[in-house]
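Colleague: Please take a close look at one helix of this model. I would like to know which way its side chains point and what they pack against.

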Amino acid sequence: LPPVRHLGDPVDYTVTLEPTGQQMLFALDMVQSWTPGMGNQIWDYGLRTRHPIHAVIQYEARSYPRYAAGLELSAALRNRNLQLPPGRNPRTLELARQMRARSADDGAYIRAVLAMFREQEFWYTLTPPGLARNSVDDFLFNTREGFCGHYASAFTTMMRAAGIPARVVGGYQGGDWNPIGGYLIVRQSHAHAWSEVWLPESGWTRVDPTAAVAPTRIERGIEAALPDEALLPGALMRESEFWWQAGMAWDNVKARWNDWVVQFDRLKQDSLLARLGLGGADWRGYAAALGGGLAFAMALLSLWLAWEYRPRAPDPAAASYRRFSARLARRGVARETGEAPTAYASRIARLRPDLGPAAAAITALYLRLRYLPAPAGGDLRELRRLVARFQP
């Protein structure tokens with residue numbers, strides 16, 4: 001492997017990886033060490049296992065987010081990262097040559113290409129139109145709509161056309177923080193693609209052309225790109241705070257199960273069971289203890305959810321206003337769905353002029369109690385008195 005110069009402080013972390021059927025082990029850039037025997041580092045600094053991953057695995061790793069890699073580029077790797085499909089995308093190649101000729105150096109050219117994505121009418125969308133055979137030409141000059149793969153591919157093509165070694169990199173960006181367990185959940189919906197360019201002074205350098213697109217020109221999220229029957233995990237949960245918290249709690253239960261049971265070897269399991277007073281128990285004793293522990297955990301979770309989402313005491317001002325509205329509804333002047341209190345008071349005065357002053361006074365007191373930062377101390381008593389005297 002080409003040498004890597006680690007900069008700054010390392011980050012130590014643990015990864016719990018679900019079955020993928022592939023040989024990739026995921027880690028932060030730039031991984032420096034990992035659980036012995038778990039996998040090997042290959043030429044692009046990624047980690048690979050010998051066999052596809054068909055079970056939950058857990059490994060520890062250390063990475064340096066700041067690093068310098070590939071300061072010396074071999075001729076074979078340079079040629080590989082300068083290759084372009086012959087006879088394809090002529091307009092892109094010509095544009096790259098013109099922009100590079102106007103740029104003082106490679107760094108200025110990279111900034112110019114990113115400025116083109118940022119300042120011109122390029123759009124980020126997960127439902128882009130199809131592209132012609134010269135796909136990069138079609139994207140840059142016609143459709144100008146795409147997702148991270150489109151931007152990374154176009155950017156890498158323009159770099160290679162200008163003589164700068166470049167490659168597309170696939171990985172993940174961001175995640176969902178689980179505040180209950182204190183860990184990050186990285187899903188397939190967080191998949192991302194970006195580019196790396198090789199510069200003599202810094203080696204392989206990450207560039208994300210998708211990030212250059214103006215935020216106002218981002219059309220749709222990934223959930224909107226899928227049919228209803230194929231919604232991503234978590235898409236529906238985000239619609240409800242209750243279900244989101246419940247999902248985080250359940251994911252934490254699964255994570256703890258993986259930590260405490262699935263990833264335990266026989267020695268660790270025997271040690272834990274001995275501390276629980278189950279040393280030497282047969283499978284029936286283990287099953288009873290496991291069932292009891294799960295039942296206890298679910299009871300605690302149910303109690304917490306019941307307390308967290310218990311019915312709150314009704315607002316006394318809102319209760320008085322509802323009584324006022326109910327009395328009018330019985331007289332045929334019901335409040336319409338979504339009708340603001342002031343609009344309701346105006347309609348009451350129009351339909352029943354004799355009730356207009358009382359309705360206006362009640363509405364003014366109600367709004368003062370609900371929305372002013374410091375209503376008068378006697379306002380609530382006055383509101384209750386006016387509502388009690390209101391007899392349409």
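**Helices and their cover**

Modeller: The model is a predicted one. A brief word on α11 comes before the helix you asked for. The cover over the buried residues of α11 includes α9 (316-329), α10 (341-351) and α12 (379-389). Those buried residues are Gly356, Ala359, Ile362, Thr363, Leu365, Tyr366 and Leu369. Helix α11 takes in residues 356-371, and its 16 residues should span 22 Å at 1.5 Å a residue; the end C-alpha atoms are 22 Å apart, which agrees.

For the close look I take α2, residues 90-102. At 1.5 Å a residue its 13 residues should span 18 Å, and the end C-alpha atoms lie 19 Å apart, so the two values agree. Buried in α2 are Thr92, Leu93, Leu95, Ala96 and Met99, where buried stands for under 20% relative accessible area. Viewed down the axis of α2, the buried residues fall within an arc of 160°, so they line one face of the helix. The background is that an α-helix has 3.6 residues a turn, so residues three or four places apart point the same way. Ala101 and Arg102, on the other side of α2, are exposed. As for packing, the buried residues of α2 are set against three helices: α3 (106-119), α4 (135-143) and α5 (148-161).

In short, α2 has one face lined by its buried residues, with α3, α4 and α5 packed against those residues, while Ala101 and Arg102 are exposed on the other side.

Methods. Residues are numbered from 1 along each chain as its sequence is written. This is a predicted model: local features need pLDDT of at least 70, side-chain atom pairs count only at pLDDT 80 or more; totals for chains, interfaces and linings use all residues. Side-chain values use heavy atoms; hydrogens and water are left out. Helices (H or I, at least four residues) and strands (E, at least two) are DSSP runs, numbered from the N terminus. The expected span of a helix is 1.5 Å times one less than its number of residues. Buried means under 20% relative accessible area, exposed over 50%, partly exposed in between (1.4 Å probe, protein chains only). The arc is that of the directions from the helix axis to the C-beta atoms. Contact means heavy atoms within 4.5 Å.
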